[in-house]
Amino acid sequence: MAARPRPYWTPSGKRGLHLGYRRLVNTNGSWIVRRYQGQAGEYDTKAFAQADDFSDSDNSEVLTYYQAIARLTGEAPPVRHGGEQYTVRACVADYLAWLKIHKKTARDAALKLNAYLVPALGDKALEDLKPEDFDRWLSWAMEHKPKGRRGSRPPLPKTKRQRGDAAKPELMKPVIDAAERKRRKKSTLNRVINNVKACLNRAFQNGHVSSDAAWRRLKKFKGADGARTQWLTVDQCKRLINAAAPDFRPLVHAAMLTGARWGELRALKCRDYEPVSGSINIAESKSGRPRRVYLTDDGQAAFESWTAGRGESEVIFKDRFGNPWGSHDQHRPMSAACEAARIEPAIGMHTLRHSYASSLVQAGVSLAIVAEALGHSDTRMVSKHYGHLAPSHIADAIRAHLPALGIEIDNTVMRLRP
């Protein structure tokens with residue numbers, strides 16, 4: 001709001017009563033009450049407190065917007081039923097309940113918030129949170145190791161190497177140096193921070209807390225998400241498919257043919273494959289928007305074999321027990337397949353999505369078409385991760401016009417060419 005002597009007004013919720021805010025320069029503004037005088041048809045105005053523009057609220061002389069409204073209307077600040085204060089734990093519960101109805105990210109948000117936010121700050125009242133609480137929380141979160149997630153499927157039989165004395169553990173799990181481990185932790189916390197701020201901001205917007213100043217300066221780590229995007233060559237793709245367990249092999253193959261996410265693949269039903277158009281319909285994607293992925297001749301042949309003679313509502317991909325795959329069931333079979341195919345470092349299912357996209361971009365397919373196939377709303381993510389692979393007029397111009405220095409390189413000395 002621009003500074004001006006005339007107040008900005010907003011209804012208080014009570015007839016004839018308005019809250020005013022006078023915006024000053026480099027100092028706290030003022031909260032002003034305006035009452036309608038029915039007999040004379042005029043208003044009575046009076047300043048009653050300072051705003052918290054440059055000073056923290058003390059709920060007495062300096063008030064936030066919500067405290068000013070509560071003072072004006074005689075209503076108490078928001079609390080939980082039973083007189084209890086609105087805690088972070090209650091805030092998380094309300095936010096997750098809302099996500100389940102309106103978004104598709106409720107499960108992922110629940111895992112992050114219940115692993116990182118609730119254990120550290122769950123019992124604190126939102127109104128009592130301070131910026132230093134989140135400074136301490138960030139230091140704690142860097143060292144925090146959430147409990148692992150246990151799958152619902154029976155354990156897979158151990159390989160010969162696993163049954164042995166593990167003489168070469170480096171082949172089972174790639175060695176990660178301290179710097180990379182720290183970068184990965186920061187990258188994880190960046191995603192956690194997104195959920196934390198979304199949760200707390202919703203509570204603020206709904207009036208459960210008078211100010212968002214406590215977490216407003218909570219920032220994500222810079223440079224933590226800049227890891228190189230990994231993808232497989234065609235030869236590596238073939239080796240990985242052949243090395244995968246029989247029940248897991250079709251999923252690996254399908255990921256390479258479609259670029260679909262793990263959750264999208266395991267939810268596919270036989271009716272989602274349409275032979276006439278040679279495509280699969282992904283009804284529920286991460287963005288919430290359905291999309292159609294078109295298949296090559298090889299892809300159509302594969303989906304024909306996977307769906308032939310089966311019911312339309314039957315899930316296409318099932319594990320060796322005949323059950324649909326779970327949300328975290330891909331990790332162990334993928335790790336085993338990478339080891340058998342000698343893919344180092346081992347990759348996850350999402351790398352197959354990267355491989356699909358990078359193959360299309362290198363073949364000259366436009367970034368807009370690749371973004372559409374992946375389910376992105378625009379080309380920003382595709383350009384960020386794969387743009388350097390696309391044919392570029394910039395690269396062509398540099399290679400064509402940069403003068404040659406005329407230097408020959410060998411193992412011992414540099415010589416000028418005659």
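E264 is buried, with a relative accessible area of 4%; buried here means under 20% relative accessible area, exposed means over 50%, and partly exposed is what falls in between, using a 1.4 Å probe and protein chains only. This is a predicted model, so local features need pLDDT of at least 70 and side-chain atom pairs count only at pLDDT 80 or more, while totals for chains, interfaces and linings use all residues. Residues are numbered from 1 along each chain as its sequence is written, and side-chain values use heavy atoms, with hydrogens and water left out.

Back to that glutamate. E264 sits in helix 11, which covers residues 262–266. Helices (H or I, at least four residues) and strands (E, at least two) are DSSP runs, numbered from the N terminus. The side chain of E264 has a polar contact of 2.8 Å with the side chain of R261, and another, at 3.0 Å, with the side chain of R291. A polar contact is a pair of N or O atoms within 3.5 Å; within protein, one must be able to donate a hydrogen and the other to accept it, and residues adjacent in sequence count only if both atoms are side-chain atoms.

R291 also leads to a sheet, since strand 8 spans 291–294. Strands 6, 7 and 8 form an open antiparallel sheet in the order 6-7-8, and its edge strands, strand 6 (273–274) and strand 8, each pair on one side only. Two strands count as paired if DSSP finds at least two bridges between them. Strand 6 and strand 7 (residues 279–282) have two bridges, in the antiparallel sense, and E274 stands opposite S279 of strand 7.

Now for the greasy part. In soluble globular proteins, nonpolar side chains tend to be buried together. A nonpolar core, as used here, is a set of buried Ala, Val, Leu, Ile, Met, Phe, Trp, Tyr and Cys residues joined through side-chain atoms within 4.5 Å. The largest one has 44 residues, and L240, F248, V252, F303, F317 and L352 touch the most other members. Among the elements giving two or more residues to this core are helix 9 (234–243), helix 11, strand 7, helix 12 (297–307) and helix 14 (349–362). Helix 10 supplies the largest share, six residues. Taking contact as heavy atoms within 4.5 Å, F317 touches P250, L251, A254, L265, L268, F303, W306, P324 and W325, not counting residues up to four places away in sequence. A second, separate core has 34 residues, including A110, L126, C199 and L200.

C199 brings up the cysteines. A disulfide is a covalent bond between the sulfur atoms of two cysteines. The rule applied here asks for a pair of cysteine sulfur atoms within 2.5 Å, and by it the count comes to zero. Why does C199 not have a bond with C91? The closest cysteine sulfur to that of C199 is the one in C91, and at 3.4 Å it is too far for a bond. C199 is buried, with a relative accessible area of 1%, and C338 is buried with a value of 1% too.

Next, the N-terminal stretch. Strand 1 (residues 8–11) and strand 2 (residues 17–22) pair in the antiparallel sense over four bridges, with W9 bridging to G20 in strand 2. Their hairpin has five residues between the strands, and G13 in it takes a positive phi near 100 degrees.

Strand 2 also helps cover helix 1: what covers the buried residues of that helix includes strand 2, strand 3 (30–37), strand 4 and strand 5. Those buried residues of helix 1 (residues 65–73) are Q67, A68, I69, A70, L72 and T73. In the loop between strand 4 (42–51) and strand 5 (62–63) you'll find D53, which is partly exposed at 31% relative accessibility. D53 touches Y21, T27, N28 and G29, leaving aside residues up to four places away in sequence, and its side chain reaches the backbone nitrogen of G29 at 2.7 Å. D53 and N26 are 27 residues apart in sequence and 8.7 Å apart in space, C-alpha to C-alpha.

Last stop: some backbone oddities. Most residues other than glycine have a negative phi, and most peptide bonds are trans. R342, in the loop between helix 13 and helix 14, has a positive phi near 55 degrees and is exposed, with a relative accessible area of 60%. P345 is found in the loop between helix 13 and helix 14, and the peptide bond from E344 to P345 is cis, with omega near -5 degrees.
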